[in-house]
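User: Please take a close look at one part of this model, a strand and the partners it pairs with. Then follow the aromatic contacts that lead on from there.

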Amino acid sequence: MTDGNYTHKARALLLAALMVFSVFAGTVAFAGSASAANVADADISPEPVPVEQDPVTQEVDVTFDFAADVDSASGEINLNSISGEVDNIDVVGAGGASVSNLQANDLSTNPRATFTVNNESDTTTANLKVFIEYDTSGVSATAADGDISVTIDDSAATGSSSTGTQSFSYVAGVDAQLNSGSTYWQGQEGAVYTDGNNVNFQGGNGDIAIATDDQLQIREYDTSGDSPEIGSLEDEFSLENGYADINTDDLDGEYVVTPAADSGVALQITDGKVSGAVNETNLTSYTVAWEVTTQDLSVEWDEDSVNNGATDSTSELDLNTNRGSADVEVSADGLEEADLLSIFSASAFNAQPLPEYDDDSDSMIVLKNVGDITEDADFEGIDQGEYEFSFEVADTTASDSGTVEVTESDVDASFSEGVTTETAGDIATFNVSLSDTDSTYVQFGDEDAGFVDVLYLEDDDDDDEVTFKVNLRTLGTKGAGDVYDSEDDIVNSAIHGDLIGSDNEPSFWDEEVDDAGADYTFHQYLEELDLIDDAAAGDDGTDQLTRPLQPAEYDLTASADGQFIINADGESTADEELDSALLELTQPGVEGITIHKAVADNADQDDTVSDLVSSATAIEDGSEVAIDDRLVVQVQASGLYGATVAETGSFDTLDDGITMNQFKEIFANINDNDDWDGEGMNLIVEAEDATGNQDATTLNYDSQSTTDVFVLFDEENNQFFIVADTSASNAFDGDVDEDTEFSASLEYETDDEDRYEFDYGAGLGNNPYSGDAGGDVAGTPDAAYPFLGTDSTVSEDVAFTMAERDVTFDSVSSAGVLQAQAAENAVISGTTNIAPGSDAEVRVSSTSADVSFRSTSSATIADDGSFNATFDFSDQSAGDLADTSFRVSGSNIDTVDTELVESVQTTTEAPDTTEAPGTDAPDTTEAPDTTEAPDTTEAPGTTEQPATETPTSTPGFGVVVALTALIAAALLAIRRD
């Protein structure tokens with residue numbers, strides 16, 4: 001047996017499949033108040049009724065409009081002036097309506113049926129399908145038309161009703177009316193009848209009479225010669241009361257009907273009636289023949305094995321035929337009508353049930369008026385087994401079959417990580433893999449954690465998994481925006497979405513309560529778990545938390561069916577648990593701050609963390625950043641990324657970066673009386689130049705330009721970067737002079753006595769940030785970082801100096817003259833405070849030389865600021881004079897007088913030795929071509945290298961190895977376990 005879901009699927013099928021009806025013939029008469037009943041435009045489209053049949057079914061399509069706000073109405077069908085007998089009447093909803101309480105009455109005397117029609121659509125238009133079973137034995141094809149009337153009575157709601165009436169005819173032929181000159185499909189059943197009157201005989205002597213009990217023949221119509229001829233005999237039959245059915249099962253070609261007594265006469269047939277006769281010698285001039293051809297039908301399943309779960313349950317059916325459209329009956333051993341309607345529920349199949357009184361209605365459906373079809377059939381919920389589907393055209397011999405095996409689905413959902421560790425107040429990411437289903441439910445939290453939300457997850461990109469993010473700062477809070485986010489899938493929440501009341505709403509119940517109507521609402525479920533006080537009074541999922549979700553362990557439980565139970569121990573559990581996982585929230589904090597410098601450019605030149613890591617260089621605490629370079633403040637901290645996403649309204653913030661003006665909103669110390677002041681987070685980047693008359697110069701917190709100040713996030717590694725273009729006039733709120741000392745700090749401030757609590761409805765309204773120390777917002781909120789205890793403020797700070805861009809050359813004499821060797825590989829070196837990676841070069845231009853020259857060489861600035869440039873001065877002479885300039889990006893930083901020498905000699909004086917003017921003391925003065933003791937003078941031709949201090953490791957970065965450390969290592973963040 002199939003599950004109860006099929007009742008709804010069958011209804012959905014009928015709603016979608018029967019919207020298109022035949023072109024209506026004749027006129028419709030209406031009575032009643034159309035405007036009140038709103039059904040004046042009801043259309044009734046009855047098929048003609050074949051005569052001399054027992055039984056035969058007439059189909060009638062009815063469409064009408066419900067009056068506004070009417071949920072149901074009474075219906076009645078009446079048959080008037082009919083010929084023959086009515087054996088059964090059936091009415092089914094066929095789009096926008098369902099039918100109940102059907103009663104067929106007085107079928108032998110005054111055939112009618114009453115029923116209730118229920119509005120099942122968001123629109124007012126409804127469709128009905130009426131099946132009427134007749135016995136038309138003895139009824140003539142010339143019988144007068146019958147009438148059918150349909151009444152829709154919604155007087156209980158509108159005070160009126162409406163009736164439509166339509167006439168229908170009686171015809172000869174169950175499937176088609178035979179006409180000379182027409183083509184029929186093999187297997188269709190037609191008919192021939194006569195009223196016994198004479199008909200005109202073309203080519204004979206006067207008229208010819210066909211009696212009501214004559215014998216007739218079906219003969220081939222032979223067109224192989226020069227003139228058509230009446231050919232060999234195919235079948236012979238007798239008229240009974242002037243009527244005979246013609247079966248075409250064994251016919252294929254052109255045929256004529258002839259009197260058995262004279263096979264040289266072909267009868268002309270019009271709508272089944274003998275309307276004339278033609279002598280064989282006159283066949284060329286008249287149309288007498290009719291054609292029978294074979295209908296082809298082929299079906300092919302693209303998948304011969306499917307499962308009965310929510311995924312991988314479809315197989316594409318390719319149905320092909322050489323006929324424009326036909327009714328195709330479908331059946332399969334082991335499947336009932338509801339199963340078949342579910343499998344072929346796609347609108348392209350136009351699947352319809354047979355009338356209930358039909359003997360095959362329990363195990364067969366009909367694909368109505370279909371031609372070629374390529375469409376998915378859905379086997380979700382079908383019992384396991386192998387099914388051979390039989391497809392038979394209702395009125396021809398065409399048929400085919402195909403087999404599909406249905407396997408049992410193994411629905412599963414599993415978390416990719418058994419334990420996910422994240423800091424409170426930040427963003428958690430989850431991945432759930434799905435098998436044999438495209439959806440699942442997840443309960444987030446439980447009664448032990450003090451918080452519960454229920455999620456519906458659906459794979460929307462067909463990759464068999466759902467990936468989503470959760471804002472842990474706003475989860476469970478009032479007024480929160482997007483708490484959950486998924487780029488490719490669907491995530492709906494009982495607290496922060498519209499899951500409750502949707503088609504996917506989960507169920508909640510108590511296993512100790514037997515009452516079938518005792519299901520809980522979600523809010524009642526929370527109340528039973530003691531997570532809220534009073535659901536009836538309006539408490540909801542946002543009333544569970546005193547403060548934002550705290551460091552603790554939170555269970556996540558995946559459920560197959562969305563049914564969650566309170567067991568005998570008062571604990572929540574899933575009725576059909578698929579998997580579970582744990583979210584471990586840790587306490588956030590501030591771990592450290594590091595200053596970096598980067599090549600001069602717009603602040604947002606590097607718009608990803610990886611690019612910024614590649615271009616920035618860490619400096620020591622208190623060291624210099626050259627003005628015009630980019631200042632990079634790296635802060636290793638957690639517990640503020642959820643607030644950032646909430647303030648900007650987008651999870652993409654953490655990938656794309658934001659302006660400083662956006663970022664400042666979460667910090668209490670910047671612009672008092674902001675929304676997040678109660679959060680107690682304070683960020684400072686300012687100079688130590690405050691005076692009694694003016695404030696200190698600060699970073700321009702109000703900057704709305706990412707080219708001036710840009711904030712990048714690496715939430716995964718608990719760090720963010722503030723990048724400022726120090727050449728921009730709006731990067732700082734004030735002037736930055738050379739050698740200005742700055743500090744950068746981040747503080748999570750707590751209250752000495754009270755922890756953070758929500759205070760909804762106070763001055764800050766119902767919002768995620770509505771709270772402060774003690775939960776009593778009045779005026780300016782009292783700061784208390786929500787994830788720390790009382791009197792536990794944490795902070796980090798660092799110092800740096802903004803300095804003019806400068807350079808110091810090595811091998812400069814006491815007279816201030818740079819010495820360069822007049823040799824092929826002369827090296828000029830030095831140090832600079834300009835950021836490594838800058839486009840630097842050294843230019844030497846002669847001022848007094850035997851041969852004038854100018855030479856430029858690129859200079860690579862190392863992480864410690866050192867550089868060197870190599871020149872070929874082999875064509876120059878010792879004693880040549882020049883100017884040497886250090887240039888960056890085309891701008892001159894500094895120029896020094898230069899002399900080319902045979903060998904470079906640099907004297908380092910002992911710090912306690914002072915050379916007296918005019919005294920040639922041998923222990924302080926170098927003799928030509930001699931070398932002083934190694935503690936005072938370097939060997940000739942060597943260059944003294946400045947002392948280099950290796951920066952210590954800072955949080956989030958590796959050790960910077962002097963001269964050789966890679967920039968990526970300098971900025972590589974320590975990942976959390």
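Analyst: Two strands pair if DSSP finds at least two bridges between them. With that in hand, turn to strand E27, residues 326–332 of this predicted model.

E27 pairs with strand E29, residues 364–370. The sense is antiparallel, over 5 bridges. Glu 329 of E27 has Val 366 as its bridge partner in E29. E27 also joins strand E31, residues 385–393. Here too the run is antiparallel, with 5 bridges. In E31, the residue opposite Glu 329 is Glu 392. Glu 329 thus has a partner in E29, Val 366, and one in E31, Glu 392.

How many residues of E27 are buried? The count is 6 of 7, so the strand is mostly covered, buried being under 20% relative accessible area. In a regular strand the side chains alternate between the two faces of the sheet.

Next, the rings. The whole structure holds 37 aromatic pairs. One of them joins Tyr 134 and Phe 168: ring centres 6.5 Å apart, planes at 55°, so the pair is tilted. Tyr 134 belongs to strand E9 (residues 125–135) and Phe 168 to strand E11 (residues 161–168), so the pair ties together parts 34 residues apart in sequence. Tyr 134 is buried at 0% relative accessibility. Phe 168 is buried as well, at 3% relative accessible area.

A further pair leads back to E31. Phe 344 and Phe 389 have ring centres 6.0 Å apart and planes at 85°, so they meet edge-to-face. Phe 389 sits in E31, while Phe 344 sits in the loop between helix H4 (337–343) and strand E28 (351–353), so this pair ties together parts 45 residues apart in sequence. Phe 344 has a relative accessible area of 0% and is buried. Phe 389 is likewise buried, at 0%.

Phe 344 and Phe 389 belong to one aromatic cluster. Its other members are Trp 301, Phe 349, Phe 379 and Phe 391.

The picture around E31 comes together. E31 pairs with E27. E31 places Glu 392 opposite Glu 329. E31 also carries Phe 389, which reaches the loop after helix H4 through Phe 344.

One ring contact of another kind is worth noting. Lys 478 lies over the face of Tyr 760, 5.5 Å from the ring centre.

Key: Residues are numbered from 1 along each chain as its sequence is written. This is a predicted model: local features need pLDDT of at least 70, side-chain atom pairs count only at pLDDT 80 or more; totals for chains, interfaces and linings use all residues. Side-chain values use heavy atoms; hydrogens and water are left out. Buried means under 20% relative accessible area, exposed over 50%, partly exposed in between (1.4 Å probe, protein chains only). Helices (H or I, at least four residues) and strands (E, at least two) are DSSP runs, numbered from the N terminus. Rings of Phe, Tyr and Trp (its six-membered ring) pair if their centres lie within 6.5 Å; planes under 30 degrees apart count as stacked, over 60 as edge-to-face and the rest as tilted. A charge sits over a ring if NZ of Lys or CZ of Arg is within 6 Å of the ring centre and within 35 degrees of the ring normal.
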